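Work through these exercises with the model open beside you. Try each task before you read its solution.

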Amino acid sequence: MTNKTSIQGSWASRWIFILAATGSAVGLGNIWKFPYITGENGGGAFVLVYLACILLVGIPIMMAEVFIGRRARKNPINALSDVAEESDSSKKWGLIGVMGMLSGVLIFSFYSVVGGWVLHYIKAMLTGEMNGISSDNAGAAFGALLADPATLLGWHTLFSIMTVMVVAAGINKGIETATRIMMPALFALLIILLGYAMTTDSFAQGWNFMFEFDFGKLTWNATLIALGHSFFTLSLGMGTIMAYGSYMTKDASIGKTVLAIGALDTLVALVAGLAIFPIIFSNGMDPAAGPGLMFISLPVAFGQMPFGQLFGVLFFVLVGVAAWTSAISLLEPTVAFLVERFKLKRVTASIGLGIVVWGLGIACLGSFSFMSDVTLFGKNTFDFLDYITANIMLPLGGILIALFAGWIVKDKFAKDELAVSDTVYKLWNFSMKFTAPIAVAVVLYFLINPMK
Ligand code: PHE
């Protein structure tokens, strides 16, 4: 099973795979979500739980996804069913891939709306309309944007087209080229912004906020959010990393590669927090401002700082680049499936899927205006999709992948593909069989039955 290559192509090198997967992992999750959920959940203790989830659950599951994809060299549905068949099990395991594709489509629909907000803010920063803006006015400006479906539709459409264009161009010409240009730019921008935050007098306060552990503030709900976020931020539980893994060459070591991706993703989240919180604190604002943290508090802060406009533009370009490389990876598993299963041309599959997710996105962007009355479990469409994908579907997909890799795949195949030392293999296998599924199950249980 191991010497084939995917019909979609393969990455030029191990580093390209690392960067492409990091491009998928580093996204709105790191720069928009992570700082605000850390703020909402009290800082330090939340960060520590998040780090534990990445190490104990995220990294081992990522190894499983890469090895399943690479072993079969097919889209996630077929990869899971081929690997199951090789281990004399039911091809129905491929159904995990179906749920994964659904997650990808649902995530894209709100992701692209936020991607659209980011594009809007690049423009707003460039034209200087945020210079010297007050908190109230920044809040009002963000509120006005949300209440304006026509403008949102324009940006959401542009973001969707940008994404579809790269996916349609294919693994090498599209995703790989985008990776080569965008990832170095992303790292450079992040370092520049960190340097900028260090010049403020609140760097120490930002640092303490993130790294001082106060477990009194930790709740089950916060633990669930940390666990859900570790799946979201590493792009796990939905087949993205499996699809990217299917384009990886056989000679590269999975263990080291996955560690590099996990470390880079975590580093970017922590650095993004260290760049954002000092700016927030130095302007006397509230770190627990919620989703508006990046779109309200930061523009106010930039608007008051020396060279704020320049760094504001750079910041939103950074977020835009990160969102773009992730959005691409949300579509890739389904496009690969459509091409392999229905023999569609990649361009046709990408545009067709693009139209579907673009349409779903309209329901999300309408959540703040013409669809604000439509609620599911008390949440609007946008919040509902964010909540069920990140906190339920991805962790559930992750558990199933872990159980599959731990209990169904025969040791000899997993060992052969992972090619790690015996100790690492045992640790990995234990995580697949027990740690990962139990951790996720316990947290989901307490979510459904909150403790009094
Ligand atoms: N990891 C991306 C982020 O942090 C989101 C994502 C999730 C991308 C799942 C692909 C698959 O923003």
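The exercises below cover a ligand, the cavities and the pockets in a predicted model.

**Exercise 1. Find which residues come nearest to the ligand, and sort its shell by class.**

Solution.
Step 1. Pick out the residues with a heavy atom within 4 Å of the ligand. There are 15 residues around the ligand.
Step 2. Look for the nearest ones. They are A25, G29, Y111, F232 and S235.
Step 3. Sort the shell by class. Six residues are nonpolar and nine are polar. No charged residue is found in the shell.

**Exercise 2. Find polar atoms of the protein that lie close to N or O atoms of the ligand, using a cut-off of 3.5 Å.**

Solution.
Step 1. Start with the backbone. A polar backbone atom of S24 is 3.2 Å from a nitrogen atom of the ligand.
Step 2. Go to T233. Here too a polar backbone atom is 3.2 Å from a ligand nitrogen atom.
Step 3. Turn to a side chain. N30 places a polar side-chain atom 3.4 Å from an oxygen atom of the ligand.
Step 4. Check the cover. On its own the ligand has 330 Å² of accessible area, and the protein covers 100% of it.

**Exercise 3. Name the space that the ligand takes, and describe the lining of that space.**

Solution.
Step 1. Locate the ligand. The space it takes is the largest cavity.
Step 2. List the elements around the ligand. Helix 1 (14-25), helix 2 (28-40), helix 10 (220-233) and helix 14 (308-342) each give two or more residues to the shell.
Step 3. Give the volume. The largest cavity has about 140 Å³.
Step 4. Go to the lining. It has 17 residues, and S24, Y111, F232, S235 and L330 lie nearest the centre of the cavity.
Step 5. Assign the lining to elements. Helix 1, helix 2, helix 5 (95-126), helix 10 and helix 14 each give two or more residues.
Step 6. Sort by class. The lining has eight nonpolar, nine polar and no charged residues.

**Exercise 4. Count the cavities of 30 Å³ or more, then describe the second largest.**

Solution.
Step 1. Count. There are three cavities of 30 Å³ or more.
Step 2. Take the second largest cavity. Its volume is about 50 Å³.
Step 3. Read its lining: A20, G23, I175, A178, T179, Y244, T325 and I328.
Step 4. Find the main contributor. Helix 8 (171-198) gives three residues, the largest share.
Step 5. Sort by class. Five lining residues are nonpolar, three are polar and none is charged.

**Exercise 5. Describe the largest pocket and the second largest pocket by volume, lining and class.**

Solution.
Step 1. Begin with the largest pocket. Its volume is about 450 Å³.
Step 2. Inspect its lining of 22 residues. Y36, E40, D383, D386 and Y387 lie nearest the centre.
Step 3. Find the main contributor. Helix 16 (381-408) supplies six residues, the largest share.
Step 4. Sort by class. The lining has 12 nonpolar, five polar and five charged residues.
Step 5. Move to the second largest pocket. Its volume is about 280 Å³.
Step 6. Inspect its lining. Among the lining residues are L55, P60, M63, L259, W428 and T435.
Step 7. Find the main contributor. Helix 18 (422-448) gives six residues, the largest share.
Step 8. Sort by class. This lining has 10 nonpolar, two polar and no charged residues.

Note on methods
Residues are numbered from 1 along each chain as its sequence is written. This is a predicted model: local features need pLDDT of at least 70, side-chain atom pairs count only at pLDDT 80 or more; totals for chains, interfaces and linings use all residues. Side-chain values use heavy atoms; hydrogens and water are left out. A polar contact is a pair of N or O atoms within 3.5 Å; within protein, one must be able to donate a hydrogen and the other to accept it, and residues adjacent in sequence count only if both atoms are side-chain atoms. Accessible areas come from the Shrake-Rupley method with a 1.4 Å probe; for residues, only the protein chains shown count as cover. On a 1 Å grid over the protein atoms alone, a cavity is a set of points where a 1.4 Å probe fits but cannot get out, and a pocket is an open set with protein on both sides within 12 Å along at least five of seven lines; lining residues have an atom within 4 Å of a point. A molecule sits in a cavity or pocket if more than half of its atoms lie within 2 Å of its grid points. Helices (H or I, at least four residues) and strands (E, at least two) are DSSP runs, numbered from the N terminus. Ala, Val, Leu, Ile, Met, Phe, Trp, Tyr, Cys and Pro count as nonpolar, Asp, Glu, Lys and Arg as charged, and the others, Gly among them, as polar. Grid points are joined across faces, edges and corners, and a volume is the space filled by probe spheres set on the points.
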